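Dear colleague,

I am handing over the structure below, and after it you will find a written account of what came out of the analysis. Please read the two side by side.

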Amino acid sequence: MNHPAFAQVIGHEAVSQYFSRILEKKDHAHAYLLTGPEQIGKTLIARTLLAEILELSIDRLEVSGVYQEIDPEGSIKIDQIRALQKHFSHSAFHGSKKAALIIDAHHMTIAAQNALLKTLEEPAGDSILILTSSQPHKLLPTIKSRCHTLYLQPTPRETLCTALQKEMSEERAHLLASLSAGRAGLALRLKDPEQYEQYLVHRTTAQEILSASKPEQFMKCSGLAKSEYRNEVLQQLLFLLHDLALAAHGNHTQMMNADLEDFMIQLTQIKEENHWSKALAQWLATQDAIDRNVSPALALESLALTL
């Protein structure tokens with residue numbers, strides 16, 4: 001049976017049950033790594049667990065003095081990890097429980113990851129550290145080997161839809177459950193009309209790139225490389241390529257963008273069956289190149305070649 005604190009979590013029954021048992025036995029590990037797609041619920045689960053261990057409400061974590069959170073806007077630098085180590089050392093000296101959460105831990109620089117190893121190898125007192133990541137392959141093997149790793153899978157659409165219907169119509173709940181592909185965090189964000197409209201704007205931009213002629217695709221990708229919304233549009237390209245790869249093989253039921261089925265059919269009819277699977281693989285290579293600080297313009301030109 002799940003701990004009452006996890007009632008706010010949509011889906012992720014196995015993970016909630018696992019942490020509920022830990023809370024019941026009061027026997028947690030020093031470090032956990034929560035992996036899974038972006039906006040799937042990793043941060044909520046991590047904060048819920050840490051709040052219960054510290055015997056605090058989630059909204060009191062930041063001001064408690066026994067909790068530290070790193071939520072990066074860019075790279076996570078070594079100075080931030082040293083501050084976290086100081087937090088653990090100070091809490092240990094005063095004999096209190098202490099906890100920390102590193103969101104999107106894959107943004108740590110190599111120097112920061114190496115510094116974090118000291119904390120993982122020599123945990124201070126009654127401490128607990130949780131890392132979350134949608135790209136755990138970017139973490140050092142030595143980091144991952146010292147963490148208990150749990151993978152969060154997408155929530156079944158039916159489960160997500162049922163939860164969303166408590167706050168909206170059945171039709172809208174079905175739409176958001178589909179668009180979010182089982183990622184409860186994204187579905188909840190899309191409840192906001194402004195966020196939803198922005199989401200559709202970025203999706204339309206991605207559609208225009210896919211349906212353009214080859215010269216236009218190069219031009220649009222060049223413009224995208226300089227856009228402040230590059231990451232958002234790239235994410236939409238990923239979702240559309242995922243759906244196109246499914247549609248090309250006749251699988252329309254698992255598409256995220258079910259409302260764009262006619263668009264998908266139109267594009268799959270003018271390309272070979274494996275074209276979109278190859279384009280999807282190139283998207284992954286493109287994102288990896290950008291993450292490694294390759295020029296976005298060059299990386300996106302390579303992507304345009306395969307679209």
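In α9, the buried residues (buried meaning under 20% relative accessible area, exposed over 50% and partly exposed in between, with a 1.4 Å probe and protein chains only) are Tyr196, Tyr199, Leu200, His202, Arg203, Ala206, Gln207, Ile209 and Leu210. This is a predicted model, in which local features need pLDDT of at least 70 and side-chain atom pairs count only at pLDDT 80 or more, while totals for chains, interfaces and linings use all residues. Residues are numbered from 1 along each chain as its sequence is written, and side-chain values use heavy atoms, with hydrogens and water left out.

The helix α9 covers residues 193-211, and its 19 residues reach 27 Å from the first C-alpha to the last, close to the 27 Å expected at 1.5 Å a residue, where the expected span is 1.5 Å times one less than the number of residues. Helices (H or I, at least four residues) and strands (E, at least two) are DSSP runs, numbered from the N terminus. The buried residues of α9 pack against α7 (170-179), α8 (184-189), α10 (214-226), α11 (230-248), α12 (261-268) and α13 (275-291), with contact meaning heavy atoms within 4.5 Å. At the N-terminal end, α9 is capped by aspartate 192, which has a side-chain oxygen 3.0 Å from the backbone nitrogen of glutamate 194.

Leu210 of α9 also appears in the largest nonpolar core, which has 51 residues and in which the residues with the most contacts are Leu164, Leu210, Leu234, Leu237, Leu241, Met264 and Trp276; α11 gives the most to this core, with eleven residues. A nonpolar core is here a set of buried Ala, Val, Leu, Ile, Met, Phe, Trp, Tyr and Cys residues joined through side-chain atoms within 4.5 Å. Apart from this core lies another, of 27 residues, among them Phe6, Phe19, Leu50 and Val66. Leucine 164, if residues up to four places away in sequence are not counted, touches Ala173, Leu176, Ala177, Ala187 and Leu188.

Leu50, named above for the other core, is one of the buried residues of α2, which are Lys42, Ile45, Ala46, Thr48, Leu49, Leu50, Ala51 and Ile53. What covers them includes α1 (13-25), β1 (31-35), β2, β3 and β4 (127-133). The helix α2 runs over residues 42-53, and its twelve residues reach 17 Å from the first C-alpha to the last, close to the 16 Å expected at 1.5 Å a residue. Just after α2, glutamate 55 takes a positive phi of about 60°.

Positive phi values also deserve a look elsewhere, since most residues other than glycine have a negative phi. Alanine 181, in the loop between α7 and α8, has a positive phi of about 50° although it is not a glycine, and at 24% relative accessibility it counts as partly exposed. Asparagine 293, in the loop between α13 and α14 (296-306), has a phi near 70° and counts as exposed at 69% relative accessibility.

As for single positions, histidine 106 sits in the loop between β3 (98-102) and α4 (110-121), and it is buried because its relative accessible area is 7%. Leaving aside neighbours within four places in sequence, histidine 106 is in contact with Ser133, Ser134, Gln135, Lys138 and Leu139. Cysteine 147, at 9% relative accessibility, and cysteine 221, with a relative accessible area of 1%, both count as buried, and the structure holds zero disulfides (pairs of cysteine sulfur atoms within 2.5 Å).

For the chain as a whole, there are 14 helices and five strands. The radius of gyration is 21 Å, close to the 19 Å that the globule rule gives for 307 residues, so the chain is as compact as a globular protein of that length; the radius is taken over C-alpha atoms, and the rule is 2.2 Å times the number of residues to the power 0.38. Buried residues make up 47% of the 307 residues, and among contacts between residues at least 6 apart in sequence, 69% join residues at least 24 apart.

With best regards

How values were computed
Polar contact = N/O pair within 3.5 Å; in protein donor to acceptor, adjacent residues only side chain to side chain.
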